[in-house]
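Me: I should like a close look at one part of this protein, set out as a connected account. The sequence and the model are shown below.

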Amino acid sequence: MKKIESINYIVKNKNGYLNDLKHKIGENNLKALLQTGFIMKGKEISNKDSWKVTEFAVDFVNNINKKISIFDRFRYFLNSKI
């Protein structure tokens, strides 16, 4: 799974168990998401490790998937020609 797919997955699912996430996205992606602050680790009452998506990850995905208006496209086009 690619890193951007992993980020979209955690934003869509919001929380869960760390072991399940590791199986779904892979250990390398899990480490990267933890180190960059896209997810937070926690501990359940049942003593299982859990995770929760951060607001940073949600903002990141919203900015990537943001639609560009026709006005902005025109403005970007003009700025590239100047």
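How many salt bridges does a search of the whole structure find? Please describe the residues that take part, and then the surroundings in which they lie.

Reply: The model is a predicted one. A search of the whole structure gives two salt bridges.

One salt bridge joins the side chains of Glu27 and Lys31, with an N to O distance of 3.7 Å. The criterion is a side-chain nitrogen of Lys or Arg within 4 Å of a carboxyl oxygen of Asp or Glu, so this pair qualifies. Both residues belong to helix H3, which covers residues 27-36. Glu27 and Lys31 are four residues apart, about one turn of the helix. Glu27 has a relative accessible area of 43% and is partly exposed. Lys31 is also partly exposed, at 44%. Both values fall into that class because it lies between the limits of 20% for buried and 50% for exposed.

The other salt bridge is formed by the side chains of Lys43 and Asp49, at 2.9 Å from N to O. Lys43 has a relative accessibility of 54% and therefore counts as exposed, whereas Asp49 is partly exposed at 34%. Strand E2 comprises residues 39-43, and strand E3 comprises residues 49-53. The loop between E2 and E3 contains Asn47. Asn47 has a positive phi of about 70°, although it is not a glycine. Most residues other than glycine have a negative phi. Asn47 is exposed, with a relative accessibility of 55%.

A positive phi of about 70° is also found at Lys14, again not a glycine. Lys14 is placed in the loop between H1 and strand E1 (15-17), and its relative accessibility of 49% makes it partly exposed.

Helix H3, which holds Glu27 and Lys31, also packs against helix H2. Two packed helices are described by the angle between their axes and the distance between the axes. For H2 and H3 the angle is about 120°, and the axes are 7 Å apart. H2 is therefore oblique to H3. By class, five nonpolar, one polar and two charged residues make up this contact. On the H2 side the residues are Leu18, Leu21, Lys22 and Ile25, and on the H3 side they are Glu27, Asn29, Leu30 and Leu33. Glu27 thus appears both in the salt bridge with Lys31 and in the contact of H3 with H2.

Two of the residues in that contact, Leu21 and Leu33, lead into the interior. The largest nonpolar core has 14 residues, and those with the most contacts inside it are Ile10, Leu21, Leu33, Ile39 and Trp51. At least two residues of this core come from each of helix H1 (3-13), helix H2 (18-25), H3, strand E3 and helix H4 (55-64). Leaving aside neighbours within four places in sequence, Leu21 is in contact with Tyr9, Ile10, Gly26, Leu30, Ile39 and Trp51.

Strand E3 can be followed further through Lys52, which is located in it. Lys52 is partly exposed, with a relative accessible area of 45%. Not counting residues up to four places away in sequence, Lys52 touches Lys14, Asn15, Phe38, Ile39 and Met40. Among these partners, Lys14 is the loop residue with positive phi, and Ile39 is one of the core residues with the most contacts. Lys52 and Gly42 are ten residues apart in sequence, and their C-alpha atoms are 7.7 Å apart in space.

Strand E1 offers a further point of reference in Gly16. Gly16 is partly exposed, with a relative accessible area of 24%. Gly16 touches Ser50 and Trp51, not counting residues up to four places away in sequence. The C-alpha atoms of Gly16 and Val53 are separated by 9.3 Å, with their positions 37 residues apart along the chain.

Finally, helix H1 includes Ile4. Ile4 counts as partly exposed, at 34% relative accessibility. Not counting residues up to four places away in sequence, Ile4 touches Phe60 and Ile64. Ile4 and Gln35 are 31 residues apart in sequence, and the distance from C-alpha to C-alpha is 15 Å.

Definitions and conventions. Residues numbered from 1 in each chain as written. Predicted model: local features only at pLDDT ≥ 70, side-chain atom pairs only at ≥ 80, totals over all residues. Heavy atoms only, no water. Buried < 20%, exposed > 50% of the residue type's maximum accessible area, 1.4 Å probe, protein only. Core = buried A, V, L, I, M, F, W, Y, C linked by side-chain atoms within 4.5 Å. Contact = heavy atoms within 4.5 Å. Axes fitted to C-alpha atoms, helices over the stretch in contact; angles between N-to-C directions. Parallel < 35°, antiparallel > 145°, perpendicular 65-115°, else oblique. Nonpolar A, V, L, I, M, F, W, Y, C, P; charged D, E, K, R; others polar.
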